[in-house]
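Subject: Structure handover

Hello,

Here is the structure for your files. My notes on it follow below.

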Amino acid sequence: MPHTEIGGHRLALSNLDKVLYPATGFTKGEAIHYYASIADAVLPHLDGRPLSFLRFPDGVEGEKFFTKHVPPGTPSWVTTRKISVVSKTPLNQVLIQDEATLVWAANLAALELHTPQWQSDHQAKADRLVFDLDPGEGADILDCRRIADWLRERADADGITLLPKTSGSKGLHLIAPIERTPSDQVSAYAKKLAQEAEADLPEHAVSKMAKNLRPGKVFVDWSQNNQAKTTAAPYTLRAKDRPTVSTPLSWDELAAARKAKDLVFLSSDLPQRIEERGDLLAPLLKKGSGHKSGRGRIPG
């Protein structure tokens, strides 16, 4: 079994040739290499946030495991925290704080990394606001743009700056840095804006979760602001036919897209993209509060 040493930690790597994406032949070794190659970009977005993993040990066409608890056999050097706000019983969760832990998780075939909108030291006090724009049948990510532009302008009126990223699936995520605010207050604000979007754009947006309301429209999912919910992290792989990535965008890039495929990014695209453009979600990482930090304040 091959080994590698990262940050003073020795890791055993298994089944590197195992194909995890049958449609493309993408292997576990390539997944590990992807995460190692973009570690500097992804780690700041995971910092302090308890991880929920989607593991696919037999590939994306096999059984998946959604894991919040610390997996059995986790090395002692992996950072963990007791989390008390996601279930009735407190649980221990992993924090990915360094490249070694990121590679360790990838070796578990933890392809998808999901985080809450708060950090473990401030549980249920969100420092991010998120909208998940999910196109229904007959709609696609280009249809999300009308809703995204509306939400961008509406949030900006409250001093909140939304930033876009692809979901890595078929939709679009909008994220804003905010002053730490109780998650229930953030969730209520997000729901209010989703309902306003539906009222203003009734032919295009829907704020209710019922799937029968979604065909041809975009569901504005505000619920991921709930303290117990998570969102696909920036730069995470997604378990689709191909190794797509939840990729930060510029607003100009989003506006310029002519086809939905223009907004599909694969793992092989990201290292050069990051090198050329930097982290387009860097404003999420600014510390402090108030106008100087670029963090908005949730009304209420």
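**Annotated span**

The end C-alpha atoms of residues 27-280 lie 28 Å apart, and this span is 30% helix and 22% strand. Helices (H or I, at least four residues) and strands (E, at least two) are DSSP runs, numbered from the N terminus. For residues 27-280, an unreviewed UniProt entry lists "domain: DNA ligase D polymerase"; UniProt positions are given in the numbering used here, feature names are shortened, and annotations may be inferred rather than shown by experiment.

This is a predicted model, in which local features need pLDDT of at least 70 and side-chain atom pairs count only at pLDDT 80 or more, while totals for chains, interfaces and linings use all residues. Residues are numbered from 1 along each chain as its sequence is written, and side-chain values use heavy atoms, with hydrogens and water left out.

**Cores**

The largest nonpolar core (buried Ala, Val, Leu, Ile, Met, Phe, Trp, Tyr and Cys residues joined through side-chain atoms within 4.5 Å; buried means under 20% relative accessible area, 1.4 Å probe, protein chains only) has 77 residues. Helix H4 (residues 141-156) gives the most to this core, with 8 residues. Ile-96, Leu-129, Phe-131, Leu-133 and Leu-151 have the most contacts inside the core. Contact means heavy atoms within 4.5 Å. Leaving aside residues up to four places away in sequence, Leu-133 touches ten residues' worth of neighbours, among them Cys-144, Ile-147, Leu-151 and Phe-219.

**Pocket**

The lining of the largest pocket divides into 8 nonpolar, 9 polar and 9 charged residues. S10 gives the largest share, 3 residues.

Regards

Notes: Buried < 20%, exposed > 50% of the residue type's maximum accessible area, 1.4 Å probe, protein only. Nonpolar A, V, L, I, M, F, W, Y, C, P; charged D, E, K, R; others polar.
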